[in-house]
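Subject: Structure handover

Dear colleague,

I am passing the structure below on to you, together with an account of what was found in it. Please read the notes with the structure open beside them.

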Amino acid sequence: MKRLQVRGLRKSFGTTPVLRGVDLDVPSGALAAVLGPSGCGKTTLLRVVAGFEGADAGEVRVGSRVVTGPGVAVPPERRRVGIVPQEGALFPHLSVAENVAFGLPRRGAGARRRSARVAELLELVGLADLAARMPAELSGGQQQRVALARALAPDPDVVLLDEPFSALDAGLRAALREDVRAALQATGATGVLVTHDQEEALSMADVVAVMRAGVVVQQAAPRDLYLAPADLDVATFVGEAVVLPARVEEGVATTALGRLALLRGPVGDGGTGRVVLRPEQLHLVRAGRGGVRATVIGSTFYGHDASVRLEVPGPDGERLPVLCRTQGPLPEVDEVGVIVAGPVSFFADA
Ligand SMILES: Nc1ncnc2c1ncn2[C@@H]1O[C@H](COP(=O)(O)OP(=O)(O)OP(=O)(O)O)[C@@H](O)[C@H]1O
(Lines give C-alpha, C1' and ligand atoms only; values in the text may rest on other atoms or scores of the structure.)
Protein backbone atom coordinates (compact mmCIF):
# COMPACT_ATOMS: atom_id res chain seq x y z
CA MET A 1 0.00 0.00 0.00
CA LYS A 2 1.73 3.13 -1.24
CA ARG A 3 0.88 6.68 -2.17
CA LEU A 4 1.07 7.51 -5.90
CA GLN A 5 2.36 10.95 -6.82
CA VAL A 6 2.59 12.39 -10.31
CA ARG A 7 4.26 15.77 -10.68
CA GLY A 8 4.52 17.97 -13.78
CA LEU A 9 4.34 15.01 -16.15
CA ARG A 10 4.88 15.89 -19.81
CA LYS A 11 4.73 13.63 -22.84
CA SER A 12 4.56 14.42 -26.56
CA PHE A 13 4.13 12.08 -29.50
CA GLY A 14 6.17 13.69 -32.27
CA THR A 15 5.37 17.37 -32.04
CA THR A 16 1.94 16.80 -30.42
CA PRO A 17 1.89 17.39 -26.67
CA VAL A 18 -0.46 14.87 -25.02
CA LEU A 19 0.43 15.31 -21.34
CA ARG A 20 1.15 18.98 -20.57
CA GLY A 21 2.16 18.97 -16.92
CA VAL A 22 -0.06 16.45 -15.14
CA ASP A 23 -0.25 16.51 -11.34
CA LEU A 24 -2.04 13.72 -9.50
CA ASP A 25 -1.86 12.65 -5.88
CA VAL A 26 -3.51 9.42 -4.77
CA PRO A 27 -3.30 8.70 -1.02
CA SER A 28 -2.15 5.25 0.03
CA GLY A 29 -4.95 2.69 -0.38
CA ALA A 30 -7.34 5.17 -2.03
CA LEU A 31 -9.03 4.81 -5.40
CA ALA A 32 -8.70 7.78 -7.74
CA ALA A 33 -10.78 8.14 -10.88
CA VAL A 34 -9.22 10.02 -13.78
CA LEU A 35 -12.18 11.45 -15.66
CA GLY A 36 -11.98 13.21 -18.98
CA PRO A 37 -13.23 13.33 -22.56
CA SER A 38 -11.86 11.07 -25.26
CA GLY A 39 -8.34 12.01 -26.33
CA CYS A 40 -7.44 14.13 -23.28
CA GLY A 41 -4.51 11.83 -22.41
CA LYS A 42 -5.93 9.45 -19.79
CA THR A 43 -4.53 6.25 -21.28
CA THR A 44 -1.19 7.91 -21.97
CA LEU A 45 -1.00 8.93 -18.31
CA LEU A 46 -1.63 5.34 -17.22
CA ARG A 47 0.96 4.02 -19.66
CA VAL A 48 3.61 6.39 -18.31
CA VAL A 49 2.74 5.47 -14.71
CA ALA A 50 2.93 1.76 -15.65
CA GLY A 51 6.29 2.32 -17.34
CA PHE A 52 5.19 1.36 -20.87
CA GLU A 53 5.98 4.90 -22.04
CA GLY A 54 8.74 7.25 -20.93
CA ALA A 55 8.10 10.87 -19.96
CA ASP A 56 9.64 14.02 -21.45
CA ALA A 57 9.59 15.76 -18.06
CA GLY A 58 8.13 15.36 -14.60
CA GLU A 59 8.09 12.58 -12.09
CA VAL A 60 6.12 9.52 -10.99
CA ARG A 61 6.61 8.31 -7.42
CA VAL A 62 5.26 5.10 -5.83
CA GLY A 63 5.65 5.57 -2.11
CA SER A 64 9.03 7.23 -1.70
CA ARG A 65 10.46 5.55 -4.81
CA VAL A 66 10.82 7.55 -8.05
CA VAL A 67 9.89 5.18 -10.91
CA THR A 68 9.84 7.77 -13.71
CA GLY A 69 11.90 10.94 -13.54
CA PRO A 70 14.92 12.71 -14.96
CA GLY A 71 17.35 9.88 -15.73
CA VAL A 72 15.05 7.31 -14.07
CA ALA A 73 12.92 4.74 -15.92
CA VAL A 74 12.23 1.70 -13.76
CA PRO A 75 11.02 -1.10 -16.08
CA PRO A 76 7.29 -1.99 -15.81
CA GLU A 77 7.88 -5.38 -14.17
CA ARG A 78 9.90 -3.80 -11.36
CA ARG A 79 7.46 -1.00 -10.46
CA ARG A 80 5.01 -3.05 -8.41
CA VAL A 81 2.27 -1.51 -10.54
CA GLY A 82 -0.49 -3.77 -11.94
CA ILE A 83 -2.72 -2.88 -14.88
CA VAL A 84 -6.22 -3.97 -15.92
CA PRO A 85 -6.67 -3.01 -19.57
CA GLN A 86 -9.91 -2.23 -21.42
CA GLU A 87 -10.93 -5.67 -22.69
CA GLY A 88 -9.71 -8.82 -24.38
CA ALA A 89 -6.41 -8.64 -22.54
CA LEU A 90 -6.29 -12.23 -21.27
CA PHE A 91 -3.91 -14.75 -22.81
CA PRO A 92 -6.35 -16.80 -24.90
CA HIS A 93 -4.31 -20.03 -24.78
CA LEU A 94 -4.02 -20.02 -20.97
CA SER A 95 -6.73 -21.13 -18.52
CA VAL A 96 -8.20 -18.74 -15.98
CA ALA A 97 -5.85 -20.04 -13.27
CA GLU A 98 -2.82 -19.81 -15.58
CA ASN A 99 -3.73 -16.25 -16.52
CA VAL A 100 -3.92 -15.24 -12.86
CA ALA A 101 -0.64 -17.05 -12.11
CA PHE A 102 1.16 -15.36 -15.00
CA GLY A 103 2.97 -12.68 -13.01
CA LEU A 104 3.81 -14.90 -10.02
CA PRO A 105 7.24 -16.45 -9.40
CA ARG A 106 7.80 -19.75 -11.22
CA ARG A 107 10.79 -20.92 -9.21
CA GLY A 108 11.96 -21.01 -5.60
CA ALA A 109 9.89 -20.52 -2.46
CA GLY A 110 7.42 -18.21 -4.25
CA ALA A 111 6.45 -20.96 -6.69
CA ARG A 112 5.05 -23.11 -3.87
CA ARG A 113 2.70 -20.29 -2.87
CA ARG A 114 1.53 -19.91 -6.46
CA SER A 115 -1.54 -22.13 -6.53
CA ALA A 116 -2.67 -20.94 -3.10
CA ARG A 117 -2.37 -17.31 -4.24
CA VAL A 118 -4.31 -18.03 -7.46
CA ALA A 119 -7.11 -19.70 -5.47
CA GLU A 120 -7.18 -16.77 -3.04
CA LEU A 121 -7.49 -14.21 -5.86
CA LEU A 122 -10.14 -16.18 -7.76
CA GLU A 123 -12.12 -16.39 -4.55
CA LEU A 124 -11.76 -12.63 -4.09
CA VAL A 125 -13.18 -11.85 -7.53
CA GLY A 126 -15.93 -14.50 -7.23
CA LEU A 127 -14.60 -16.95 -9.82
CA ALA A 128 -13.39 -19.84 -7.62
CA ASP A 129 -15.38 -22.34 -9.72
CA LEU A 130 -13.99 -21.28 -13.06
CA ALA A 131 -10.24 -21.83 -12.58
CA ALA A 132 -9.99 -24.41 -15.37
CA ARG A 133 -12.01 -22.47 -17.98
CA MET A 134 -10.43 -20.86 -21.04
CA PRO A 135 -10.98 -17.10 -21.62
CA ALA A 136 -13.19 -17.74 -24.67
CA GLU A 137 -15.61 -19.62 -22.39
CA LEU A 138 -16.15 -16.58 -20.14
CA SER A 139 -18.55 -13.64 -20.34
CA GLY A 140 -17.12 -10.13 -20.73
CA GLY A 141 -17.65 -9.40 -17.03
CA GLN A 142 -15.95 -12.65 -15.99
CA GLN A 143 -12.99 -11.86 -18.24
CA GLN A 144 -12.55 -8.50 -16.55
CA ARG A 145 -12.66 -10.19 -13.13
CA VAL A 146 -9.85 -12.51 -14.26
CA ALA A 147 -7.86 -9.52 -15.53
CA LEU A 148 -8.32 -7.86 -12.13
CA ALA A 149 -7.24 -11.04 -10.29
CA ARG A 150 -4.17 -11.27 -12.53
CA ALA A 151 -3.23 -7.64 -11.81
CA LEU A 152 -3.67 -8.10 -8.04
CA ALA A 153 -1.93 -11.51 -7.78
CA PRO A 154 1.68 -10.21 -7.38
CA ASP A 155 0.44 -7.88 -4.60
CA PRO A 156 1.19 -4.60 -6.39
CA ASP A 157 1.41 -1.27 -4.59
CA VAL A 158 -0.67 0.42 -7.30
CA VAL A 159 -3.32 -0.97 -9.67
CA LEU A 160 -4.24 0.92 -12.84
CA LEU A 161 -7.63 0.25 -14.43
CA ASP A 162 -8.12 1.55 -17.97
CA GLU A 163 -11.87 1.82 -18.63
CA PRO A 164 -12.31 -1.76 -17.42
CA PHE A 165 -16.10 -1.72 -17.74
CA SER A 166 -16.48 -0.01 -21.11
CA ALA A 167 -17.58 -3.14 -22.99
CA LEU A 168 -20.14 -4.26 -20.41
CA ASP A 169 -23.87 -3.58 -20.22
CA ALA A 170 -25.28 -1.28 -17.53
CA GLY A 171 -26.40 -3.96 -15.02
CA LEU A 172 -23.10 -5.82 -15.18
CA ARG A 173 -21.11 -2.60 -14.88
CA ALA A 174 -22.83 -1.69 -11.63
CA ALA A 175 -22.21 -5.13 -10.09
CA LEU A 176 -18.60 -5.22 -11.22
CA ARG A 177 -17.91 -1.70 -9.91
CA GLU A 178 -18.90 -2.80 -6.43
CA ASP A 179 -16.79 -5.95 -6.62
CA VAL A 180 -13.73 -4.17 -8.01
CA ARG A 181 -13.95 -1.62 -5.23
CA ALA A 182 -14.22 -4.40 -2.63
CA ALA A 183 -11.29 -6.35 -4.14
CA LEU A 184 -9.06 -3.26 -4.13
CA GLN A 185 -9.98 -2.55 -0.54
CA ALA A 186 -9.33 -6.16 0.49
CA THR A 187 -5.82 -6.08 -0.97
CA GLY A 188 -5.08 -2.51 0.16
CA ALA A 189 -3.75 -1.54 -3.27
CA THR A 190 -3.82 2.11 -4.29
CA GLY A 191 -5.96 2.35 -7.43
CA VAL A 192 -6.31 4.61 -10.45
CA LEU A 193 -9.39 4.13 -12.60
CA VAL A 194 -9.57 5.80 -15.99
CA THR A 195 -13.07 6.51 -17.21
CA HIS A 196 -15.09 8.96 -19.25
CA ASP A 197 -18.22 8.06 -17.32
CA GLN A 198 -18.86 10.68 -14.65
CA GLU A 199 -21.30 8.51 -12.74
CA GLU A 200 -18.70 5.75 -12.53
CA ALA A 201 -16.09 8.21 -11.28
CA LEU A 202 -18.33 9.86 -8.69
CA SER A 203 -19.78 6.60 -7.36
CA MET A 204 -16.58 4.53 -7.14
CA ALA A 205 -13.70 6.79 -6.31
CA ASP A 206 -12.39 8.41 -3.13
CA VAL A 207 -10.93 11.19 -5.23
CA VAL A 208 -11.68 12.31 -8.81
CA ALA A 209 -9.17 14.03 -11.08
CA VAL A 210 -10.76 15.79 -14.05
CA MET A 211 -8.44 15.87 -17.06
CA ARG A 212 -8.72 18.22 -19.99
CA ALA A 213 -6.30 18.58 -22.89
CA GLY A 214 -3.35 16.99 -21.10
CA VAL A 215 -3.69 18.54 -17.63
CA VAL A 216 -5.60 17.74 -14.45
CA VAL A 217 -7.85 20.77 -14.02
CA GLN A 218 -9.29 19.73 -10.65
CA GLN A 219 -8.68 16.96 -8.16
CA ALA A 220 -11.20 16.62 -5.34
CA ALA A 221 -13.45 14.24 -3.41
CA PRO A 222 -16.53 13.35 -5.52
CA ARG A 223 -18.93 15.46 -3.47
CA ASP A 224 -16.67 18.53 -3.50
CA LEU A 225 -16.13 18.21 -7.23
CA TYR A 226 -19.86 18.01 -7.90
CA LEU A 227 -20.85 20.81 -5.56
CA ALA A 228 -17.86 23.13 -6.00
CA PRO A 229 -16.46 22.63 -9.50
CA ALA A 230 -13.36 24.68 -10.35
CA ASP A 231 -14.76 26.13 -13.57
CA LEU A 232 -17.79 26.07 -15.84
CA ASP A 233 -16.42 23.25 -18.00
CA VAL A 234 -15.83 20.99 -14.99
CA ALA A 235 -19.29 21.90 -13.69
CA THR A 236 -21.02 20.81 -16.87
CA PHE A 237 -18.76 17.77 -17.36
CA VAL A 238 -19.31 16.13 -13.97
CA GLY A 239 -23.08 16.07 -14.02
CA GLU A 240 -26.26 17.58 -15.37
CA ALA A 241 -26.21 21.32 -14.91
CA VAL A 242 -28.47 24.30 -15.32
CA VAL A 243 -26.40 27.29 -16.43
CA LEU A 244 -27.93 30.75 -16.17
CA PRO A 245 -26.57 34.26 -16.70
CA ALA A 246 -26.18 36.10 -13.40
CA ARG A 247 -25.27 39.44 -11.88
CA VAL A 248 -23.83 39.58 -8.37
CA GLU A 249 -24.81 42.28 -5.92
CA GLU A 250 -24.28 42.26 -2.17
CA GLY A 251 -23.03 38.68 -2.34
CA VAL A 252 -26.21 37.39 -3.97
CA ALA A 253 -26.66 36.36 -7.61
CA THR A 254 -29.66 37.74 -9.47
CA THR A 255 -30.81 35.20 -12.07
CA ALA A 256 -33.85 34.16 -14.08
CA LEU A 257 -34.65 31.80 -11.18
CA GLY A 258 -34.55 34.60 -8.63
CA ARG A 259 -31.93 35.80 -6.17
CA LEU A 260 -29.65 32.90 -5.24
CA ALA A 261 -27.07 32.49 -2.47
CA LEU A 262 -23.51 31.81 -3.64
CA LEU A 263 -21.63 28.71 -2.61
CA ARG A 264 -18.26 30.37 -2.37
CA GLY A 265 -17.31 33.54 -0.50
CA PRO A 266 -18.41 37.02 -1.58
CA VAL A 267 -17.84 38.02 -5.17
CA GLY A 268 -17.27 41.67 -6.11
CA ASP A 269 -20.47 43.64 -6.60
CA GLY A 270 -21.64 44.24 -10.13
CA GLY A 271 -19.82 41.15 -11.42
CA THR A 272 -21.50 39.37 -14.27
CA GLY A 273 -21.10 35.72 -15.15
CA ARG A 274 -22.94 32.45 -14.95
CA VAL A 275 -24.35 30.39 -12.11
CA VAL A 276 -24.50 26.60 -12.15
CA LEU A 277 -27.29 24.72 -10.40
CA ARG A 278 -27.84 20.98 -10.21
CA PRO A 279 -31.26 19.79 -11.46
CA GLU A 280 -32.02 18.18 -8.08
CA GLN A 281 -31.79 21.65 -6.48
CA LEU A 282 -34.96 22.68 -8.30
CA HIS A 283 -38.38 21.92 -6.88
CA LEU A 284 -41.64 22.27 -8.76
CA VAL A 285 -44.78 23.72 -7.26
CA ARG A 286 -48.14 24.52 -8.77
CA ALA A 287 -48.05 27.77 -10.77
CA GLY A 288 -49.07 30.68 -8.58
CA ARG A 289 -48.01 28.90 -5.37
CA GLY A 290 -44.60 30.53 -5.20
CA GLY A 291 -41.29 30.22 -7.00
CA VAL A 292 -40.50 31.55 -10.43
CA ARG A 293 -43.01 30.88 -13.16
CA ALA A 294 -41.69 28.50 -15.85
CA THR A 295 -43.11 26.98 -19.02
CA VAL A 296 -43.13 23.18 -19.26
CA ILE A 297 -41.52 22.05 -22.53
CA GLY A 298 -41.47 18.29 -21.98
CA SER A 299 -40.56 15.49 -19.63
CA THR A 300 -38.87 12.07 -19.68
CA PHE A 301 -39.68 9.25 -17.28
CA TYR A 302 -36.72 7.06 -16.18
CA GLY A 303 -38.32 4.82 -13.56
CA HIS A 304 -36.33 5.89 -10.49
CA ASP A 305 -37.10 9.53 -11.34
CA ALA A 306 -37.99 11.80 -14.24
CA SER A 307 -36.55 14.89 -15.82
CA VAL A 308 -38.66 17.89 -16.72
CA ARG A 309 -37.53 20.42 -19.32
CA LEU A 310 -38.61 23.97 -18.58
CA GLU A 311 -38.05 27.45 -19.93
CA VAL A 312 -37.82 30.68 -17.96
CA PRO A 313 -37.63 34.21 -19.34
CA GLY A 314 -34.09 35.63 -19.33
CA PRO A 315 -33.01 39.20 -18.54
CA ASP A 316 -33.29 40.25 -22.19
CA GLY A 317 -36.59 38.52 -22.81
CA GLU A 318 -34.91 35.40 -24.23
CA ARG A 319 -36.07 31.95 -23.14
CA LEU A 320 -33.56 30.03 -21.01
CA PRO A 321 -33.62 26.22 -20.77
CA VAL A 322 -33.86 24.74 -17.26
CA LEU A 323 -33.68 21.04 -16.45
CA CYS A 324 -35.16 19.64 -13.27
CA ARG A 325 -35.42 16.17 -11.70
CA THR A 326 -38.57 15.01 -9.96
CA GLN A 327 -39.78 11.87 -8.24
CA GLY A 328 -43.28 13.22 -7.98
CA PRO A 329 -45.98 13.10 -10.66
CA LEU A 330 -45.04 14.67 -13.99
CA PRO A 331 -46.63 18.06 -14.50
CA GLU A 332 -49.65 17.85 -16.81
CA VAL A 333 -49.85 21.63 -17.03
CA ASP A 334 -48.13 24.22 -19.20
CA GLU A 335 -46.86 26.33 -16.33
CA VAL A 336 -45.23 25.53 -12.99
CA GLY A 337 -43.45 27.41 -10.21
CA VAL A 338 -39.75 26.64 -9.62
CA ILE A 339 -38.08 26.97 -6.23
CA VAL A 340 -34.30 26.71 -5.84
CA ALA A 341 -32.87 24.95 -2.78
CA GLY A 342 -29.30 25.50 -1.63
CA PRO A 343 -26.47 27.72 -2.82
CA VAL A 344 -25.14 27.86 -6.37
CA SER A 345 -21.68 28.13 -7.96
CA PHE A 346 -20.87 31.42 -9.70
CA PHE A 347 -18.28 31.83 -12.44
CA ALA A 348 -17.42 35.39 -13.42
CA ASP A 349 -17.16 36.35 -17.08
CA ALA A 350 -13.57 36.33 -18.25
N1 LIG B 1 1.67 6.07 -29.48
C2 LIG B 1 1.09 7.19 -29.91
N3 LIG B 1 1.56 7.86 -30.97
C4 LIG B 1 0.99 9.02 -31.38
N5 LIG B 1 -0.09 9.58 -30.81
C6 LIG B 1 -0.63 8.95 -29.75
C7 LIG B 1 -0.08 7.73 -29.25
N8 LIG B 1 -0.83 7.35 -28.17
C9 LIG B 1 -1.79 8.29 -28.03
N10 LIG B 1 -1.68 9.26 -28.97
C11 LIG B 1 -2.55 10.44 -29.09
O12 LIG B 1 -2.57 11.10 -27.85
C13 LIG B 1 -3.86 11.63 -27.58
C14 LIG B 1 -4.36 11.15 -26.23
O15 LIG B 1 -4.59 9.75 -26.31
P16 LIG B 1 -5.05 8.89 -25.06
O17 LIG B 1 -5.30 7.49 -25.54
O18 LIG B 1 -4.10 9.07 -23.96
O19 LIG B 1 -6.42 9.60 -24.68
P20 LIG B 1 -7.62 9.10 -23.77
O21 LIG B 1 -8.00 10.26 -22.93
O22 LIG B 1 -7.25 7.84 -23.07
O23 LIG B 1 -8.75 8.81 -24.83
P24 LIG B 1 -9.92 7.68 -24.85
O25 LIG B 1 -10.87 8.03 -23.74
O26 LIG B 1 -10.51 7.85 -26.20
O27 LIG B 1 -9.24 6.34 -24.65
C28 LIG B 1 -4.74 11.24 -28.76
O29 LIG B 1 -4.83 12.33 -29.63
C30 LIG B 1 -3.98 10.09 -29.39
O31 LIG B 1 -4.24 10.03 -30.77
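For the helix-to-strand angle given next, axes are lines fitted to C-alpha atoms, for helices over the stretch in contact, and angles run from 0 to 180 degrees between N-to-C directions. In those terms, α4 lies across β7 and β8, and its direction makes an angle of about 175 degrees with that of β7. Please keep in mind throughout that this is a predicted model.

As to the chain as a whole, the protein chain contains 8 helices and 21 strands, and its C-alpha trace spans about 80 × 45 × 35 Å along the principal axes. Of the 350 residues in the protein chain, 35% are buried. When contacts between residues at least 6 apart in sequence are considered, 67% of them join residues at least 24 apart.

Two of the sheets deserve a description. One is an open sheet of 6 strands with mixed pairing, in the order β7-β8-β9-β3-β10-β11; its edge strands are β7 (81-84) and β11 (215-220), each of which pairs on one side only. From one strand to the next, the twist of this sheet averages 20 degrees. Within it, strand β8 (residues 158-162) and strand β9 (residues 190-195) run parallel and are joined by 5 bridges, with V158 standing opposite T190 in β9.

The other is an open sheet of 5 strands, ordered β16-β20-β17-β18-β19, in which the pairing is antiparallel. Here β16 (282-286) and β19 (319-326) stand at the edges with a single partner strand each, so one side of each has no neighbour in the sheet. Neighbouring strands of this sheet are turned against each other by 45 degrees on average, direction ignored. Strand β18 (residues 306-313) runs antiparallel to β19 and is joined to it by 8 bridges; as one point of reference, S307 has R325 in β19 as its bridge partner.

Turning to the ligand, the residues that surround it are F13, V18, G36, S38, G39, C40, G41, K42, T43, T44 and H196. By class, this shell divides into 3 nonpolar, 7 polar and 1 charged residue. Helix α1 (residues 42-50) supplies the largest share of the shell, with 3 residues. That helix is itself mostly covered, given that 7 of its 9 residues are buried, namely K42, T44, L45, L46, V48, V49 and A50. Directly after α1 comes G51, which has a positive phi, near 95 degrees.

A last site to look at is R133, which lies in the loop between α3 (108-124) and α4 (140-152). Is R133 buried or exposed? It falls in between: a residue is partly exposed when its count of other C-beta atoms within 10 Å is above 12 but below 20, and R133 counts as partly exposed because it has 16 C-beta neighbours inside 10 Å. Apart from its neighbours within four places in sequence, R133 is in contact with S95, V96 and L138. R133 and A97, although 36 residues apart in sequence, are 8.1 Å apart in space from C-alpha to C-alpha.

With best regards

Notes:
Residues are numbered from 1 along each chain as its sequence is written. This is a predicted model: local features need pLDDT of at least 70, side-chain atom pairs count only at pLDDT 80 or more; totals for chains, interfaces and linings use all residues. Helices (H or I, at least four residues) and strands (E, at least two) are DSSP runs, numbered from the N terminus. Two residues are in contact if their C-beta atoms, placed from the backbone, lie within 7 Å. Two strands pair if DSSP finds at least two bridges between them. A residue is near a molecule or strand if its C-beta atom, placed from the backbone, lies within 6 Å of it. Ala, Val, Leu, Ile, Met, Phe, Trp, Tyr, Cys and Pro count as nonpolar, Asp, Glu, Lys and Arg as charged, and the others, Gly among them, as polar.
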